[in-house]
Amino acid sequence: MMKTYEQVIGQLGTLKLKGITGKLDETISEAENRHESYISFLNHLLNAELDYRVERRFERNMAGAHFPVIKNVDSFEFGKAMGITKMDIAELMEFSWVDNHYNVLFFGPPGLGKTHLAISLGSKAVEKGYIISFERMTSLIRLLKTSDMQRTSAFRLNRILRSDLVIIDEVGYTPIERKEANLFFNLISELYEKKSVLLTSNKSFNEWAEMMGDEIMTTALLDRLLHHAKIFNLSGISYRLKNIKKKEDK
């Protein structure tokens with residue numbers, strides 16, 4: 001019996017069925033206690049393998065998303081940031097816009113929770129099985145500039161191009177050069193109507209031409225981003241400034 005057991009463990013290892021391996025002893029014990037049929041026993045083993053693979057895929061996709069922190073919508077203070085509601089977020093979390101390759105754009109001054117919402121939506125999308133890539137604009141530009149020279153940058157850029165949803169955070173927070181703007185335009189053109197983009201920015205549309213340094217290119221860029229897009233303009237008082245003021249009042 002022990003020899004047969006060891007052979008089974010070895011065969012499971014060869015087939016890379018780690019989910020079944022991890023649950024084998026428990027499943028055997030339960031099957032014996034319940035006098036389960038062979039088909040029921042097999043069903044439990046296969047379910048264990050499927051559960052393991054779903055969990056591992058989720059862990060890989062969360063790691064591959066490169067979220068700087070994990071956020072959820074429950075901790076977002078609706079009402080303090082005007083321009084978006086719980087109903088809006090509930091609709092976005094159905095992710096039909098990702099299925100249809102639509103974009104979501106969050107605009108507004110710093111400290112209103114644009115990044116919080118972007119990460120929350122991205123995390124939930126990973127749970128739903130979508131492939132997500134998150135990059136701050138500064139990091140994205142660095143990847144685009146070095147993808148021809150550095151293997152890690154090329155690997156990351158390939159991941160971005162394969163993603164269902166690309167989250168680009170903090171567009172406009174730091175100036176970019178003309179060459180960098182061209183690289184960004186080319187990326188958005190590559191993603192256009194093939195993938196979804198979720199973008200956060202502190203710059204209004206009429207400030208983008210100055211930020212990009214080319215009015216014609218900026219017009220073409222915005223045309224691609226806005227063609228199929230849900231736009232949210234957030235307004236209010238920065239959470240961070242509000243917290244500083246509270247501390248000062250104390």
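**Exercise 1. Salt bridges of E36 and of helix α2**

Task: In this predicted model, determine whether E36 is buried, partly exposed or exposed, and which residue forms a salt bridge with E36.

Solution.
- Step 1. E36 has a relative accessible area of 22%. Buried would require a value under 20%, so E36 is classed as partly exposed.
- Step 2. The partner of E36 is R34, and the closest N and O atoms of this salt bridge are 3.7 Å apart.
- Step 3. R34 reaches 53% relative accessibility and counts as exposed. The cut-off for exposed is over 50%.
- Step 4. Another salt bridge joins the side chains of E26 and K23, at 3.6 Å from N to O. Both residues belong to helix α2 (residues 18-34) and are three residues apart, about one turn of the helix.
- Step 5. An α-helix has 3.6 residues a turn, so residues three or four places apart point the same way.
- Step 6. E26 is partly exposed at 41% relative accessible area, and K23 is partly exposed at 39%.
- Step 7. In total, the structure holds 12 salt bridges.

**Exercise 2. A salt bridge between strands**

Task: Find which side chain meets R136 in a salt bridge, and state which strands hold the two residues.

Solution.
- Step 1. The side chain of R136 meets that of D169, with an N to O distance of 3.9 Å.
- Step 2. R136 is in strand β3 (residues 132-136) and D169 is in strand β4, so the pair ties together parts that are 33 residues apart in sequence.
- Step 3. R136 is partly exposed, with a relative accessible area of 32%, whereas D169 is buried at 0%.
- Step 4. R136, D169 and E170 form one network through salt bridges that share partners.

**Exercise 3. The buried side of α10**

Task: State which residues of helix α10 are buried and why they lie on the same side of α10.

Solution.
- Step 1. Helix α10 covers residues 205-212, and its buried residues are W208, M211 and M212.
- Step 2. These residues span an arc of only 80° around the axis, which puts them on the same side of α10.
- Step 3. The face turned away from the buried side carries N206 and E210, which are exposed.
- Step 4. The buried residues of α10 pack against three strands and two helices, namely β2 (103-107), β4 (165-171), β5 (196-201), α9 (178-191) and α11 (215-226).
- Step 5. After α10 comes G213, with a positive phi near 80°.

**Exercise 4. Strand β5 and its partners**

Task: Work out how many residues of β5 are buried, and in which sense β5 pairs with β2 and with β4.

Solution.
- Step 1. Six of the six residues of β5 are buried.
- Step 2. S196, L198 and T200 point one way from the strand, V197, L199 and S201 point the other way, and all are buried.
- Step 3. The pairing of β5 with β2 is parallel and has four bridges. Here F107 stands opposite S201.
- Step 4. The pairing of β5 with β4 is also parallel, over five bridges. Here I167 stands opposite L198.

**Exercise 5. Positive phi outside glycine**

Task: Locate H101 and E193, and give the sign of phi for H101 and for E193.

Solution.
- Step 1. Most residues other than glycine have a negative phi.
- Step 2. H101 is not a glycine, yet its phi is positive, about 60°. It sits in the loop between α5 (96-99) and β2 and is partly exposed at 31% relative accessible area.
- Step 3. E193, not a glycine either, has a positive phi of about 60°. Its place is the loop between α9 and β5, and at 42% relative accessibility E193 counts as partly exposed.

**Exercise 6. Two residues of α3**

Task: For A65 and I39, decide whether each is buried or exposed, then give the surroundings of A65 and the patch that includes I39.

Solution.
- Step 1. A65 belongs to helix α3 (residues 38-65), and I39 is in α3 as well.
- Step 2. A65 is buried, at 0% relative accessible area, while I39 is exposed at 61%.
- Step 3. With neighbours within four places in sequence left aside, A65 is in contact with I132, S133, F134, R156 and R159.
- Step 4. A65 and T21 are 44 residues apart in sequence, and their C-alpha atoms are 29 Å apart in space.
- Step 5. I39, L42 and L46 make a nonpolar surface patch of about 290 Å².

Note on methods
Residues numbered from 1 in each chain as written. Predicted model: local features only at pLDDT ≥ 70, side-chain atom pairs only at ≥ 80, totals over all residues. Heavy atoms only, no water. Buried < 20%, exposed > 50% of the residue type's maximum accessible area, 1.4 Å probe, protein only. Arc of directions from axis to C-beta. Contact = heavy atoms within 4.5 Å. Patch = residues over 30% accessible without salt bridge, like charges linked within 9 Å, V, L, I, M, F, W, Y side chains within 5 Å. Areas by Shrake-Rupley, 256 points an atom, 1.4 Å probe, with all protein chains shown as cover. Salt bridge = Lys/Arg side-chain N within 4 Å of Asp/Glu carboxyl O. Pairing = 2+ DSSP bridges.
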